[in-house]
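Q: I would like to learn how to read a model like this one. Where do we begin?

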Amino acid sequence: MDINVIARFSALAIVLINSVLTMFNVNPIPFSQEETYGIVSTILTCGVAIYTAWKNNSITKEAKMADKVMIALKNGEYTLESLQNALNTLKTIK
């Protein structure tokens, strides 16, 4: 099962349980609104930081070119052997 489906159903279950408990005057979340905001904000900040660090952030010209080469290899536009031959040719030019 997809992780997104699990996350959505988990969130739905939590909201439904919270609504039923609130209907019976039971406070299911023992935190103040400010504490809850701080916790959620910290979790989201950590999530964004981890996601940003995990993603390939090509900044230099060389890294961007390497990304293009990688995409071309994945699309079958080039083979590893043809790129190796091109690199060997470039080495002999210098």
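A: Begin with confidence: pLDDT is the predictor's confidence in each residue, from 0 to 100. This model is predicted. The chain averages a pLDDT of 85, and 98% of the residues score at least 70.

Q: Which elements have the lowest and the highest mean pLDDT?

A: Helix 1 has the lowest mean, at 85. Helix 3, residues 61-74, has the highest, at 90.

Q: How many helices and strands does the chain have?

A: There are four helices and zero strands. Read from the N terminus, the order is α-α-α-α.

Q: How do I check the length of a helix?

A: Compare its reach with an expected span, which is 1.5 Å times one less than its number of residues. Helix 1 has 21 residues and spans 30 Å between its first and last C-alpha, close to the expected 30 Å. Helix 2 has 22 residues and spans 31 Å, close to the expected 32 Å.

Q: What does the radius of gyration say about the overall shape?

A: Set the value against that of a compact globule. For 94 residues, such a globule would be near 12 Å, but this chain has 25 Å. The box tells its own story: along the principal axes, the C-alpha atoms fill roughly 80 × 30 × 10 Å.

Q: How do I read burial, and what share of the chain counts as buried?

A: Use relative accessible area: buried means under 20%, exposed over 50%, and partly exposed in between. Of the 94 residues here, 1% count as buried. The chain exposes about 8700 Å², with 68% of that supplied by carbon and sulfur atoms. Helix 2 is hardly covered, with zero buried residues among its 22.

Q: Is Gly38 in helix 2 exposed or partly exposed?

A: Gly38 is found in helix 2. Gly38 counts as partly exposed because its relative accessible area is 30%. For its place in the fold, take a C-alpha distance: Gly38 and Leu21 are 17 residues apart along the chain, and their C-alpha atoms are separated by 23 Å.

Q: Which residues make the nonpolar surface patch?

A: The patch is made by Ile17, Val20, Leu21, Met23, Phe24 and Val26. Its area is about 580 Å². Take Phe24 as one of its members. Phe24 sits in the loop between helix 1 (3-23) and helix 2 (33-54). Phe24 counts as exposed because its relative accessibility is 59%.

Q: What should I look for in backbone angles?

A: Look at the sign of phi. Most residues other than glycine have a negative phi. Asn25 has a positive phi, near 60°, and is a residue other than glycine.

Q: Where does Asn25 lie?

A: Asn25 follows helix 1 and lies in the loop between helix 1 and helix 2. Asn25 counts as exposed because its relative accessibility is 75%.

Q: Where is Thr60 placed, and how far is its C-alpha atom from that of Val15?

A: Thr60 is in the loop between helix 2 and helix 3. Its C-alpha atom and that of Val15 are separated by 45 Å, and the two residues are 45 residues apart along the chain. Thr60 counts as partly exposed because its relative accessibility is 43%.

Notes. Residues numbered from 1 in each chain as written. Predicted model: local features only at pLDDT ≥ 70, side-chain atom pairs only at ≥ 80, totals over all residues. Heavy atoms only, no water. Patch = residues over 30% accessible without salt bridge, like charges linked within 9 Å, V, L, I, M, F, W, Y side chains within 5 Å. Areas by Shrake-Rupley, 256 points an atom, 1.4 Å probe, with all protein chains shown as cover. Salt bridge = Lys/Arg side-chain N within 4 Å of Asp/Glu carboxyl O. Helix = DSSP H or I, 4+ residues; strand = E, 2+ residues; numbered from the N terminus. Buried < 20%, exposed > 50% of the residue type's maximum accessible area, 1.4 Å probe, protein only. Rg over C-alpha atoms; globule rule 2.2 N^0.38 Å.
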